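Colleague: Could you walk me through this one, slowly, since I am new to reading structures?

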Amino acid sequence: MAEQRGPLPGLPGRRRFLGYLVAAPTLAVAVDWTSGLTAAPEARASVPTLPQPEQIFDLGDMQDLAASPTSGLITVVVGSDGTASFAVPRAEVGQGMTTAMAMMVAEELDLPLAQVTITLADARPELLFNQMTGGSNSMRSMYTPVRTAAAIARQQLIAAAAAQWGVSAAQVTTADGVLTGPAGQTATYGQLAAAAAATSATAVTVTLKPPSSFTILGTAQTRIDAADIVTGRKRFTMDLQVTGALPAMVARPPTINGTVVSVNNEAAVLAMPGVTDVAVLPHGVAIRAATFGQCIDAIQVINVTWGAGTADGQSDASVEATLRASLPPLAPAPPLSSSVTGSFFFAFNSNTPLEPDCAIANVTASSAEIWAPLKTPIVAQSQIAAALGLPAGAVTVHVTQGGGSFGRHLFHDAALEAALASQAMGKPVKLCWSRTDTFRQGRTHPMCISQVRASYLLGNVVAYQQLHTSVQTDFGHGLGDVVTATAAELPVTGLALSQTIFDLTQSSPYNFGVTSQSLNEVSLGFNTGSMRNIYSPNVVCAQELIVDRLAGAMGQDPVRFRLAFLQDSRMLAVLNAAAAAGPWGRPMPAGTAQGIAVHSEYQAAIAVLAEIDCTAATVNRTVANGVTGPRVTRVIVVVDPGFAINPRGLEAQMIGGVQDGIAMALTSSLHIAGGLPLEGSWDNYFYTREWNVPLDVQVIIMPATSDSPSGAGELGVAPAMAAVACAYARATGTMPTRFPINHDAALAFTPLPAEPSTPQSPTDGLSFTF
Amino acid sequence: MPTHTFILNGDQVSVDCDDDVRLLWVLRDLLGVTGPKYGCALDVCKACTSHINGKAFNPCSVRVSDIQPADEITTIEGLPATVGADLHPMQRAWLDFDVAQCGYCQPGQIMAAVALVEQVAAEGRTITDADLDTLRNICRCGTYPRIREAIKAGAQSM
């Protein structure tokens with residue numbers, strides 16, 4: 001969105017923002033996006049460490065800049081029922097984006113939050129780079145444009161009322177969706193929505209409310225879909241009723257990305273109860289039936305000859321050996337300095353949400369309609385169209401509410417399969433991956449090794465080097481547009497893009513002299529992708545463990561050491577607050593300890609203090625079909641988000657990030673054997689469960705340090721993982737170097753067979769009622 | 001094809017399907033009751049938790065033929081009716097604590113919470129952290145701390 005600078009009559013110094021009245025039956029205001037371009041932060045005065053790329057220009061800025069040339073508009077509409085509606089070109093996957101958008105509209109319109117409707121826009125290719133949900137960027141990029149559209153809508157309603165009442169606009173006030181005139185005249189927004197509508201496109205400028213006038217933004221609000229959720233009314237993809245879209249599941253190969261050589265008993269499968277169709281897909285055989293249960297039945301029976309996959313024969317050991325063979329050497333320590341070094345191993349993780357990958361597709365000879373929770377719907381539209389042999393314009397992509405994402409929905413794997421199955425069958429399908437599919441064939445956060453050397457001399461840290469070597473992370477979605485997605489598919493460009501994303505997301509927050517962090521990737525045929533917070537959990541975990549070591553080597557307390565070397569005042573503030581809330585250093589029984597870690601990303605600052613119980617009584621708890629181990633008992637998160645749009649939602653993101661960090665440090669990983677992950681259920685892949693949840697989690701939100709929000713959806717994961725690892729090191733006296741800490745122990749479960757790819761459901765559920 | 005009949009959220013229902021079909025698919029795919037979610041169909045994730053005759057169970061792991069005509073099946077859609085209000089006290093607590101993030105697990109979480117609180121109450125106790133530790137429902141968004149707060153608060157009103 002264009003912004004007019006310079007003094008304006010009566011409003012010296014106040015920025016005015018530009019939008020457009022759009023011809024429509026009722027009031028409609030459109031803005032474009034470029035005002036979402038956040039100002040590049042000034043390079044911090046960090047001597048002697050030079051700023052790393054992330055500090056000058058981070059991933060969110062890159063996305064913002066990519067969005068600059070977009071001419072596509074987003075539109076807020078005020079209806080004759082007095083509600084405001086906005087189809088947001090983003091995905092809602094639990095992060096609270098829709099609630100925050102509703103708050104922005106309500107604030108600038110002076111409308112009750114309940115009268116704002118936020119829907120998810122279909123794929124809009126004209127928005128170019130502007131329809132990607134990722135990088136914790138939504139709040140940052142949409143904060144100004146959405147408020148501008150709402151503010152112009154309010155301005156137009158006031159003008160319409162003033163004209164109707166024969167008064168000046170300055171004499172009309174607004175509150176709770178009602179306009180009031182000087183003689184007590186009143187009108188609802190709904191009554192004037194038509195009168196305020198434009199008959200031709202008109203450019204309009206407006207000033208936005210100063211934060212000191214906010215009554216909704218910055219206040220704690222409950223999710224706008226909370227009532228629908230607790231009553232079961234919220235509809236996810238699998239809950240949608242599309243005529244004729246019967247359930248479909250896929251029989252899959254016993255190795256990652258295996259192929260179909262032949263289906264050997266198709267007639268027998270088609271004769272099974274409920275089964276209607278069978279279709280060969282690139283990496284499996286889709287079965288359509290009256291119920292998902294009958295799809296699962298058919299997967300037990302189907303006989304397929306499978307071809308090779310892309311990671312056949314690979315195991316944890318072989319992948320780790322490949323990474324170790326690729327490790328670059330650390331630079332030698334500067335002359336006369338002493339060093340602390342570490343090499344940290346991180347196993348594969350799964351980014352699957354609780355909702356299995358699911359999509360509905362209705363493909364005909366000339367068109368296709370897709371429903372799926374997509375964070376890059378433009379890329380999905382383009383690539384699905386290409387796979388179907390249809391022009392992109394013939395493919396309509398509806399973005400549905402996602403039951404979590406954690407990176408999974410940056411890709412459209414299930415939507416592509418649903419489209420191909422529907423095309424082959426000539427019928428609509430509702431295709432859902434089984435739980436086992438999601439772990440074994442779904443995307444992963446790749447195995448990696450982070451090497452660190454920190455060198456110190458005469459009380460100063462003079463050099464910090466971190467070499468991060470990883471199985472390649474697939475960024476095939478690019479920046480959500482067709483151009484960069486295409487470029488990312490080229491092997492060389494793909495590696496360059498991941499290097500770019502690493503550089504834009506990683507930076508050391510410390511004044512550690514000559515500092516470098518670099519990425520070295522190995523392509524190995526695994527299905528990978530971003531997982532919440534991408535590289536940061538591993539990089540920061542390794543960094544903070546080494547910082548604790550450095551503090552010890554230099555004879556300093558970990559908190560005092562960090563306070564001495566942190567570059568940024570916001571970081572110092574969150575660390576001080578966390579240490580005070582602990583308090584840091586309080587007496588702890590033997591076998592228990594505190595750990596503390598800091599992180600800066602998405603223009604936010606955060607510190608996490610964790611307390612862990614590693615006593616035998618706790619570690620040796622038994623839970624049927626589960627793992628116990630150490631329990632994190634208490635967590636304090638102190639976050640400076642710049643400006644917290646919805647403190648309640650921000651707190652929720654921090655709480656969730658803490659559970660992720662605990663899982664990554666202690667319990668959750670994939671074990672690769674024979675070209676396939678062994679994990680096939682949530683009783684194999686040990687995400688944090690109730691018995692390991694901290695009983696005391698406190699989130700402290702710092703007073704606003706900015707007028708703009710920073711990113712928060714992923715922010716908590718890295719420092720939580722690091723704080724837990726640091727606490728574990730202190731409680732046990734041994735610095736962990738392999739994560740999660742239980743990864744090398746004997747498997748805590750019996751793996752499900754590789755075939756059938758989806759196991760049959762139990763029948764003894766009535767034996768476990770309570 | 002056999003006909004199966006049972007009481008669903010207070011109404012007698014009949015459905016024609018094979019004996020082996022798990023109740024979850026009868027509810028979701030044949031009757032269109034989508035509050036109970038599919039998260040694994042392995043009786044692990046507990047996203048489909050509903051009640052049978054007032055007790056928590058997972059319909060993904062029960063054949064429809066094992067449900068008797070007099071059995072009362074309650075899904076999240078039928079929960080408020082148990083107290084004759086728009087919302088059950090546990091649902092109200094979920095709103096008060098703004099528990100949900102994506103919301104996919106939450107119908108199952110609420111149904112499990114209600115059953116656990118009732119079980120503990122039947123034992124003449126109030127709910128403890130040790131009781132909450134026994135819940136197996138997965139929340140991949142990690143809302144557990146708010147779930148625990150909400151269950152304790154909801155229990156006060158039940």
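**Two helices and their contact**

Modeller: In this predicted model, helix H15 (residues 536-553) of chain A packs against helix H20 (residues 717-732) of chain A at an angle of about 35°, with the axes 8 Å apart. Helices here are DSSP runs of H or I with at least four residues, numbered from the N terminus, and axes are lines fitted to C-alpha atoms over the stretch in contact, with angles from 0 to 180 degrees between N-to-C directions.

Colleague: Which residues make the contact?

Modeller: Among them are Val540(A) and Leu545(A) of H15(A), and Met721(A) and Ala725(A) of H20(A), where contact requires C-beta atoms, placed from the backbone, within 7 Å. By class, this contact has twelve nonpolar, one polar and two charged residues, with Ala, Val, Leu, Ile, Met, Phe, Trp, Tyr, Cys and Pro counted as nonpolar, Asp, Glu, Lys and Arg as charged, and the others, including Gly, as polar.

Colleague: What does Val724(A) touch?

Modeller: Leaving out residues up to four places away in sequence, Val724(A) touches residues including Ile612(A), Val632(A) and Leu666(A).

Colleague: Changing topic, how many residues does each chain give to the contact between A and B?

Modeller: Chain B gives 61 residues and chain A gives 60, and H3(B) gives the most to the side of chain B that touches chain A, with six residues.

Colleague: What is the mean pLDDT of chain A?

Modeller: The mean is 91, and 91% of the residues of chain A reach 70 or more, on a scale of predictor confidence from 0 to 100. Over residues 1-12 of chain A, however, pLDDT stays under 50.

Colleague: How are things numbered and filtered?

Modeller: Residues count from 1 along each chain as its sequence is written, while chains are lettered from A and ligands numbered from 1 in the order written. Local features need pLDDT of at least 70 and side-chain atom pairs 80 or more, whereas totals for chains, interfaces and linings use all residues.

Terms used:
Two residues are in contact if their C-beta atoms, placed from the backbone, lie within 7 Å. Helices (H or I, at least four residues) and strands (E, at least two) are DSSP runs, numbered from the N terminus.
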